[in-house]
Amino acid sequence: QPLVLQAFCDEILDDMQGMMKTGQHFVYQQLTDQKIIGVDGSMLRNILINLLVNASKYSSEGKIIELTTAIEGNLLLVTVRDEGIGIPDSDKEKLFINFFRARNAIHVQGTGLGLYIVKRYVDLLGGTISFTSQLDSGTTFTVQLPIYPVVA
Ligand code: ATP
Ligand code: MG
């Protein structure tokens with residue numbers, strides 16, 4: 001069940017628009033000419049929604065949330081970038097542990113399961129996830145997922 005990348009991401013962003021904070025908006029950049037991607041759509045959707053909800057939750061009103069997709073070899077690269085509260089250096093290595101929440105996030109509702117589940121899905125798909133973050137300035141998550149060949 002290959003998916004059309006642009007339409008797939010547009011639909012997710014459309015569905016999410018209503019739950020954003022005031023003035024927050026998505027910018028979506030597709031950096032690949034390859035239109036049809038062989039990847040598990042339901043897992044990819046779950047990964048994207050978790051990262052995008054976090055980007056919104058941990059950013060203030062009016063901030064941009066940027067989604068980019070690219071293909072490198074047989075990998076789909078997805079980045080979700082925000083200009084939010086960031087992650088304290090001392091909490092970075094615990095971020096994918098279940099129920100872990102960073103010290104600067106405790107005033108925001110959450111259970112600390114989203115990224116744990118995302119990491120499990122990425123592992124199941126044979127991919128990788130990483131992030132860079134600067135406290136009070138923003139966070140970027142990068143997911144790499146193997147894609148399977150699609151007969152055009
Ligand atoms: P939920 O289970 O509802 O997703 P959560 O958002 O607290 O709850 P995770 O999504 O697993 O849990 O994220 C774990 C922690 O990582 C968060 O509590 C927060 O401290 C930090 N975090 C995740 N994404 C971001 C982000 N984009 N910016 C800043 N901190 C983040
Ligand atoms: Mg979350």
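In helix 3 (residues 114–124), the buried residues are Leu115, Val118 and Lys119, where a residue is called buried if 20 or more other C-beta atoms lie within 10 Å of its own, exposed if 12 or fewer, and partly exposed in between, with C-beta atoms placed from the backbone. Because these residues cover an arc of only 100° around the axis, they lie on the same side of helix 3; the arc is that of the directions from the helix axis to the C-beta atoms. The structure is a predicted model, in which local features need pLDDT of at least 70 and side-chain atom pairs count only at pLDDT 80 or more, while totals for chains, interfaces and linings use all residues. Residues are numbered from 1 along each chain as its sequence is written, and chains are lettered from A and ligands numbered from 1 in the order in which they are written. Helices (H or I, at least four residues) and strands (E, at least two) are DSSP runs, numbered from the N terminus.

The cover over the buried residues of helix 3 includes helix 2 and strand 6, and just after helix 3 Gly126 adopts a positive phi of about 75°. Helix 3 also makes the largest contribution to the shell around ligand 1, with 3 residues, and helix 2 likewise supplies at least two. This shell comprises 21 residues, the closest being Ala102, Ala105, Gly110, Gly114 and Leu115, a residue being counted as near if its C-beta atom, placed from the backbone, lies within 6 Å of the molecule. By class, the shell holds 11 nonpolar, 8 polar and 2 charged residues, with Ala, Val, Leu, Ile, Met, Phe, Trp, Tyr, Cys and Pro taken as nonpolar, Asp, Glu, Lys and Arg as charged, and the others, Gly among them, as polar.

The largest nonpolar core, a set of buried Ala, Val, Leu, Ile, Met, Phe, Trp, Tyr and Cys residues joined through C-beta atoms within 7 Å, has 24 residues, of which Ile47, Leu48, Leu51, Leu52, Ala55, Val80 and Val143 touch the most other members. Elements giving two or more residues to this core include helix 1, helix 3, strand 5 and strand 7, whereas the largest share, 6 residues, comes from helix 2.

Strand 7 pairs in the antiparallel sense with strand 5 over 8 bridges and with strand 6 over 7 bridges, pairing requiring at least two DSSP bridges between two strands. Opposite strand 7 residues Pro146 and Thr140 stand Leu75 and Thr132, respectively. In the hairpin of strand 6 and strand 7, which has 3 residues between the strands, Asp136 takes a positive phi near 65°.

Note on methods. Contact = placed C-beta atoms within 7 Å.
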